[in-house]
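Work through the following exercises with the sequence and the structure side by side, and try each task before reading its solution.

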Amino acid sequence: MGQSYVTATSRAATGRQIKIWIFGLAVLLIVLSTASLTFIAHLAWKEADRRSLEGDKLRFTSALNSYQRLVAMDQTDMAQWDETFMALQRPLDRDFIEGQLVAEMWEQFDLERTFIVSTSGDLVAQALEDNVRFPEQATPADPVIRELAKRTRESFETRKRQSNSGFAEWYLPQSVLLDVANSAFATIDGKPALLVAVPILPDYGRVRLTGEYPAVLVNAVYFDDILVAELNESLNYRDLRFHVGEPANKHPTNHLIWAADGSVLGYFRWDQAKPGLHIWLMALPLILLMTAIISIIAFAAATRISRLSNSLEESERKNHHFANHDALTGLPNRHHFSDRLAYSIDSLPEKGFALFTCDLDRFKPINDTYGHEAGDKVLCQVAARFQTHFGKDAVVCRIGGDEFIVLLTAYSSLQELEDLADQLKTSMSVPMDIGHGEKVEVGLSIGIATAPECGLNDKDLIRMADMALYRAKENGRNAIEFAAPLYLEATSGDTQTNRSFSPRTAAQ
């Protein structure tokens with residue numbers, strides 16, 4: 001009986017020990033699971049907040065750059081014009097400067113502070129809204145404005161030297177002109193402002209280029225509530241504001257604005273969205289529930305983490321799409337085109353391809369007559385016609401303004417390319433509906449370069465296609481021109497070799 005009691009006691013002790021181990025292991029698993037999930041939730045919280053902040057800063061920088069480019073686009077509508085160029089020749093056409101140039105900048109584009117700087121750095125005129133003042137004697141511009149105008153002229157001269165076009169003396173496409181534009185931040189009239197400068201050039205060349213040129217048009221946009229509101233239209237940040245001077249304390253969203261002299265003009269700040277807090281609040285009940293049912297908690301945590309990962313991947317996918325596509329037309333942009341072109345170049349010389357550089361004719365009058373909204377509608381319809389025409393056999397990109405470029409990897413002959421270009425011109429000639437019963441027509445000038453004949457790298461191919469496009473425009477617009485092979489260009493110093501090149505001469 002005693003032995004039975006000892007055995008029973010021993011078994012009971014062993015059972016208690018097993019239970020202790022089981023409960024201990026269960027508690028340990030619960031603690032480890034809870035700690036692991038808590039740690040993972042904390043990391044997800046911080047990572048979501050960090051990525052959200054990085055995305056916000058990247059979007060803000062992009063929005064500010066886009067705003068600067070929009071101001072430059074508004075300026076080029078008046079700065080790239082024969083009448084504006086001639087008005088600044090001696091003697092000054094003060095009536096035009098006051099009644100046309102400055103008035104349009106203020107009334108049409110809300111650019112209230114205007115400066116016109118001569119090639120010597122002196123002020124030709126300055127205006128506040130539509131109130132224009134002309135200096136009675138040579139007056140140097142403000143040092144910041146003077147330096148900005150100088151950099152703009154240097155940028156123009158650099159691009160002019162790099163261009164092989166016959167138009168290099170006076171003409172730059174709008175996309176190139178926008179690249180020549182310069183900007184800076186400075187204090188103007190005691191207020192922080194964004195300065196944007198563009199060269200004043202002819203548009204059709206019906207002028208005599210005498211003396212030094214170009215003069216430079218500079219506009220100042222103050223950092224006021226209007227600018228902040230326009231920036232925030234695409235961002236939709238909570239409580240976005242601009243503060244003058246250096247920030248009194250560090251803040252994750254502080255975006256400093258640096259003046260040309262290296263000082264801090266001010267900073268933007270907004271109330272950062274923190275998705276991590278919401279993630280933590282959703283995960284906490286699941287973590288607590290894990291103390292009762294480990295399996296359910298684990299499954300729920302995995303589901304939550306999977307959803308978080310999917311959400312972040314979707315966000316990154318959208319950001320990647322927006323970074324590689326034009327916001328207006330949805331076509332791939334210059335960055336995406338460069339990637340595809342590089343991929344095609346890697347296949348040379350075994351697998352050739354062709355480039356179509358295309359520029360709309362008679363597009364600027366549509367913007368001037370019907371407004372930019374009508375112009376946007378035309379660009380969207382043009383993009384749709386490009387996609388319909390080429391389908392999946394080509395990469396169609398909008399590289400800026402009314403300029404498009406096509407990478408065609410499947411064709412059999414130069415004659416086929418010419419037929420495709422003719423059909424594309426015909427498609428574009430169909431009138432386009434811009435609303436309110438109005439229809440407009442545009443033409444299309446096309447320059448075509450083939451690889452490897454016209455080059456084995458992106459610079460040569462794009463340059464040859466652009467040269468062909470310029471000739472198409474020079475020959476009356478709404479035309480097609482082929483770029484000559486590089487060996488023809490290398491063996492002949494005369495551009496007439498290129499001018500005479502066509503599918504027919506190639507066949508011969």
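**Exercise 1: Placing a residue in a helix**

Find the element that holds N65, and decide whether N65 is buried, partly exposed or exposed.

Solution. In this predicted model, N65 belongs to helix 1, which covers residues 2-79. The relative accessibility of N65 is 42%, and since partly exposed covers the range between under 20% for buried and over 50% for exposed, N65 counts as partly exposed. As a further step, look at S183, which is 118 residues away from N65 along the chain, while the C-alpha atoms of the two are separated by 9.8 Å.

**Exercise 2: Describing an aromatic pair**

Describe how the rings of F223 and F242 are arranged, and say where each residue sits.

Solution. A pair of aromatic rings is described by the distance of the centres and the angle of the planes. The structure holds 13 aromatic pairs, and one of them is formed by F223 and F242, with 4.7 Å from centre to centre and 15 degrees between the planes. Planes under 30 degrees apart count as stacked, so the pair of F223 and F242 is stacked. This pair links distant parts of the chain, 19 residues apart: F223 is in the loop between strand 6 (216-222) and helix 6 (225-235), whereas F242 is in strand 7 (residues 238-244). Both residues, F223 and F242, are buried, and they belong to one aromatic cluster whose members include F60, F185 and W270.

**Exercise 3: Locating a charged patch**

Locate E129 and name the residues that gather with E129 in a patch of negative charge.

Solution. E129 lies in the loop between strand 2 (123-128) and strand 3 (131-133), and with 33% relative accessibility E129 counts as partly exposed. On the surface, E129 gathers with D93, D95, E98, E107 and D130 in a patch of negative charge.

Conventions: Residues are numbered from 1 along each chain as its sequence is written. This is a predicted model: local features need pLDDT of at least 70, side-chain atom pairs count only at pLDDT 80 or more; totals for chains, interfaces and linings use all residues. Side-chain values use heavy atoms; hydrogens and water are left out. Patches are made of residues with over 30% relative accessible area and no salt bridge: like charges are joined within 9 Å, nonpolar side chains (Val, Leu, Ile, Met, Phe, Trp, Tyr) within 5 Å. Accessible areas come from the Shrake-Rupley method with a 1.4 Å probe; for residues, only the protein chains shown count as cover. A salt bridge is a side-chain nitrogen of Lys or Arg within 4 Å of a carboxyl oxygen of Asp or Glu. Lys and Arg count as positive and Asp and Glu as negative; His and the chain ends are not counted. The place of a charge is taken as NZ of Lys, CZ of Arg, CG of Asp or CD of Glu. Helices (H or I, at least four residues) and strands (E, at least two) are DSSP runs, numbered from the N terminus. Buried means under 20% relative accessible area, exposed over 50%, partly exposed in between (1.4 Å probe, protein chains only). Rings of Phe, Tyr and Trp (its six-membered ring) pair if their centres lie within 6.5 Å; planes under 30 degrees apart count as stacked, over 60 as edge-to-face and the rest as tilted.
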